[in-house]
Amino acid sequence: MKYIDEFRDGALARKLARTIAMEADPARTYRLMEFCGGHTHAIYRYGVQDLMPDNLKFVHGPGCPVCVLPMARIDQAIAMAVEHGVTLCTYGDLMRVPASERQSLLKAKAGGADIRMIYSTQDALAIARRDRERQVVLFAIGFETTTPPTAVALKVARAEGLGNFSVFCNHVLTPPALKTILASAGPDGVQLDGILGPSHVSTIIGSRPYEFVPAAFAKPVVIAGFEPLDVMQSTLMLVRQINAHRCTVENQYTRAVNRDGNAKAQALMDEVFAVRERFEWRGLGYLPSSALRLADAYADFDAEQRFSVAPGQGKEIKGCECPSVLRGTMEPTDCKLFGTVCTPENPMGACMVSSEGACAAYWSYGRFR
Ligand code: SF4
C-alpha cells in the first residue's frame with residue numbers, strides 16, 4: 001500500500017541503521033525525545049531502538065492525549081453522566097482510564113450511567129438527533145489533530161439547532177507542553193539533545209510553531225512521520241544537525257506537513273475555540289495557554305457551563321509513575337507496578353491503557369527488564 005509498505009521496507013531500514021551507526025559520534029550520547037506516543041509505538045513495534053547504536057537513546061514524551069488528561073477531568077465527566085443523567089459520548093481509549101476511587105467511565109457505565117463509545121464526533125451528533133429529549137455531551141479530547149472535527153460538530157449542531165448537544169472540551173495544545181519539558185531539562189529533569197516533533201499535529205498547525213525550540217532552547221527539531229522509516233530518517237536528520245552543531249526545525253514528513261499547516265482548519269479552530277488561561281496536564285501540572293475552551297460565541301454548547309459539577313479529586317493511584325513517564329524522566333519499566341499489578345487487562349494508569357501510551361508500548365512489544 002502506497003505510503004505504508006515503502007516506509008516499512010526492511011532492507012532500507014538496515015541501510016539507514018548502518019548510516020546512523022556510521023555517523024553517530026561514539027564520543028557522545030544522543031538523547032532524542034519522541035514527542036508522540038505514535039512514535040513510541042513505532043519504535044518498539046518495529047524494533048527501531050534495537051537498530052540504533054548504544055549511545056543513541058529514545059526518550060518518551062507526553063504526546064498521548066489520553067495519558068496527559070488529568071484524572072480530575074475524568075471524575076468531572078463521570079459526575080456529569082451520573083449527577084445530570086446526560087448521555088456522555090467519547091472515544092474507546094478513554095473508557096478504561098482509571099479515575100479517582102477506582103472508578104472509570106466503563107465502571108460508571110456498568111453502574112448504569114449512559115456512557116457510549118463513539119468512533120467520530122458525527123456519531124455523537126447522530127445520537128443527539130435521534131433523541132432530542134436527551135442531553136448528549138461529547139467528551140472531546142485530543143491535540144490539535146483532533147480539534148477541527150470537534151469544531152465541525154459544534155458548527156453543525158448550531159446550524160441544525162441541536163440544543164440538546166454540548167461539548168466537554170479537553171483539547172490541548174502541544175507547543176506549551178514541549179516548552180515546559182525543555183524549560184525543566186537539565187540535571188534534575190530530562191536531558192535531551194533533539195526532538196522528534198509531532199507530525200499529525202503539524203498537518204494542522206504546520207512546523208512553524210516549533211521554531212521556538214531552536215531559538216530559545218538551542219535544540220534541533222525534526223517533524224517526523226509515524227512509520228518506522230520515517231522515525232529512522234528523522235533520527236538521522238537529528239544526528240546530522242547535532243554533529244554539525246546546527247539547530248533548526250526540519251520537516252521529514254513532507255508528504256503531509258508544511259511550515260504553515262492547514263489554514264482552513266486553523267480558521268475553524270479560531271472561530272469555535274478560545275485559549276484557556278491555564279489547564280492541567282498530567283505529569284506537567286498547570287500550564288498557561290495550553291488548552292482550548294469553547295469561544296464565547298459557542299458558550300451555549302459548553303457542557304461545563306450547562307452542567308455545573310464540582311471539580312473531581314483527581315487522586316492518582318499510589319505507585320503509578322505515569323507523571324514521570326510523561327515527563328521523560330522515567331521509563332515504564334522503572335515503575336514498580338509495571339507488568340505486576342499494572343497490565344493492559346488491569347491498568348493502574350493511563351499510560352497502560354491508551355493505544356499511544358508508553359507503558360502499553362513496552363508491554364505490547366515485550367520490553368521488559
Ligand atoms: Fe502507571 Fe502502570 Fe505505567 Fe506504572 S506501569 S506508570 S502504574 S501506567
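Phe143 and Trp281 are both buried, meaning under 20% relative accessible area, with exposed over 50% and partly exposed in between (1.4 Å probe, protein chains only). The model is a predicted one, where local features need pLDDT of at least 70, side-chain atom pairs count only at pLDDT 80 or more, and totals for chains, interfaces and linings use all residues. Residues are numbered from 1 along each chain as its sequence is written, and side-chain values use heavy atoms, leaving out hydrogens and water.

Phe143 and Trp281 make a stacked aromatic pair, 6.1 Å centre to centre with 20 degrees between the planes. For such pairs, ring centres of Phe, Tyr or Trp (its six-membered ring) lie within 6.5 Å; planes under 30 degrees apart are stacked, over 60 edge-to-face, and the rest tilted. Phe143 sits in the loop between β5 (136–142) and α9 (147–160) and Trp281 in strand β11 (residues 278–281), so the pair ties together parts 138 residues apart in sequence. Helices (H or I, at least four residues) and strands (E, at least two) are DSSP runs, numbered from the N terminus. Phe35 joins Phe143 and Trp281 in one aromatic cluster.

Then there's Trp363 with Phe368, an edge-to-face pair at 5.5 Å centre to centre and 80 degrees between the planes. Trp363 is partly exposed, at 27% relative accessible area, and Phe368 is partly exposed too, at 47%.

Trp281 turns up again in the largest nonpolar core, which has 128 residues; Trp281 is among those with the most contacts inside it. Such a core is a set of buried Ala, Val, Leu, Ile, Met, Phe, Trp, Tyr and Cys residues joined through side-chain atoms within 4.5 Å.
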